[in-house]
Amino acid sequence: MKIKILIFILLILTSVVKSNEIEIIELHSNKSLDEMVLEKVNEQNSITDSDENETDINNEQISNEDIIENDNTNVVDLEIIETSNFWNDIELNELNFFLNNSNNIKSELIKAEFMKILSEENFDYSIEKNRNIFFIIVKNFYKNGEINKAYELLNSRNYDNDKEINFFKLVEFNYLLSTFQLDTLCENKDISELEFKLDYNLLDKIDIFCLILQNKLLEAELQNSIMLETTNDIDNNFQELYQFLIGSNESIDLSTMDFDQQYSSDLIFLYSAMSRIGDIPLNDNFFKIDPNNLAIPVILNSATNITTRLKAANIAFLNEIINIESLAALYQSVDFNSNELNKPEDTINQLSNNKEMLMAFYYQLTNIQIFPSERLNVLIDFWMFAKENNLEKIAYQLSTKIITSIELNSQNASNGVEIALSYIYNKKYEEAQKWNNLYESSKGVDDKSTYVNLLLDLYKSDDLQPVIDFINLNSEKLTQLNDKQTKELVILLLNVIQGDNKNIIEYDFNDIFDDRKMPSLMMNNLIVDSINFDKNNKFIFLVATSINDLEWSEIHPEHLKIILEGFTKYEDGILMKPLILEIFKSYKIL
């Protein structure tokens, strides 16, 4: 009876709705920025697809050709066997332990290797254990701010008959919500013939949201009323957003909503999509719920405070979620007026407590300079500010095209070192060398140009020899520093790389304890065993767990020595050089 009364009321309301001329909500109204932000995501998915196609082609070729035995084939076979053995040997509780204790790996190199192992699994899904491993990996990605990687993995296989289909569909739908692919979301929801259930009435809420997007407000109201009648757990956040979108609530403030509920982390993507459709600004508290996974929703919500959007974009770029073109587009969209740009010193003072806005301001200020000399001066100020705020990776990459407009001539020679450093950061070593040579021909060789030459030697070579030469040439100077930790590092590296025990640290009987963390004896023994028995994947998992939450400079030297010795054997030592350079940065040697 209630339903019949409700339908009658809704029929009356329909005329009111039409008279108020509720605007039909168009999907993807801001296509240019959407496309730019999603470009990297689509690129990653296309790479995944092409890899799968290439694998299929290769498998077909192998089946039709004679197998030719050679050294490379043996290496590949050994890698496949090692990977297969790793997943065959690992227990589910052991995998859960590794993943739960490696969710904040601060080393970019270790994290990349760790993620590569998780992302490149190739299981036989007819085996139940492998299906369980796959579920654990996808869940780990989703829960730790890597929803894009979780979605990529799901795209790599057919999970229609999987017992975890409910969770996999949750990930799929939330990914589409987070990237604002609402057309695809509503289509996938409608055409799916699979039987699955999403907790917290998420499927019903998505149905209602899609009906609003299609301007089927009467149907949306009916379905929402049925949902309210058939559930005991009312989602007040959804109801507030829903009432605003259909015009029953004239204003809304997300800061008053309660996002501490147990279901919020799974529904937050729906909230973000509804907020964008309604031009409802997201705030810092909303963003902090899940900074990685919510980065794209925040970036794409034009109603959100620009500082929050810039903060999300910086995080997304540094975590390789968006590309530099997307970041540049957002930086350029910040609305600075002519007075602010014409009086940069005043603007910089006014924005002194807002590093995100200042980064965008410096970027725009650089681009509007007419004269190359003025452009270069602003650019150098931009780099200096970024370095002070640990954002130099962003500043250098944003200025890649700008520095190509700076002519290599005597007028710019005094800034040759700074320009060379920007080129080194962008891996354009020949250009860096030209600018450093220009500086030296004008100013002579000094500490700054010598430092650039050192970086060029270290970075442009593929082997470890320049690193060895650097340590040997500078070992005396470095070991004379008052910094005991740097002395220890240099001596440790000489010992690992060359077996050099000549350098020893002078005893200081007042220095008995070392505050840096040392893993348990069991952990160290497990790492040593993985090295001795060439268990590469397990070595990476153990190392990632043992250094979780730690910078290289915070790791006990005895443990660091074990790790370095392991990397001399891991992948034939190919990662030793980038690892040592990363450690140098952590110790602020470079």
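**Overall architecture, helix 28 and asparagine 415**

The accessible surface of the protein amounts to about 31200 Å², with 47% of this area belonging to carbon and sulfur atoms; accessible areas were obtained by the Shrake-Rupley method with a 1.4 Å probe, and for residues only the protein chains shown count as cover. The model is predicted, so that local features require pLDDT of at least 70 and side-chain atom pairs count only at pLDDT 80 or more, whereas totals for chains, interfaces and linings use all residues. Residues are numbered from 1 along each chain as its sequence is written, and side-chain values use heavy atoms, with hydrogens and water left out.

The protein contains 32 helices and zero strands, assigned as DSSP runs numbered from the N terminus (helices, H or I, at least four residues; strands, E, at least two). Of its 590 residues, 48% are buried (under 20% relative accessible area, with exposed over 50% and partly exposed in between; 1.4 Å probe, protein chains only). Among contacts (heavy atoms within 4.5 Å) between residues at least 6 apart in sequence, 65% join residues at least 24 apart.

Helix 28 comprises 15 residues (484–498), and the 21 Å between its end C-alpha atoms agrees with the span expected at 1.5 Å a residue, 21 Å; this expected span is 1.5 Å times one less than the number of residues. Its buried residues include Leu489, Val490, Ile491, Leu492, Leu493 and Leu494, as well as Glu488 and Asn495. Glycine 499, with a positive phi near 65°, follows helix 28.

Asparagine 415 lies in the loop between helix 23 (400–403) and helix 24 (416–425). This residue counts as buried because its relative accessibility is 17%. Leu376, Asn377 and Ile380 are touched by asparagine 415 when residues up to four places away in sequence are not counted.
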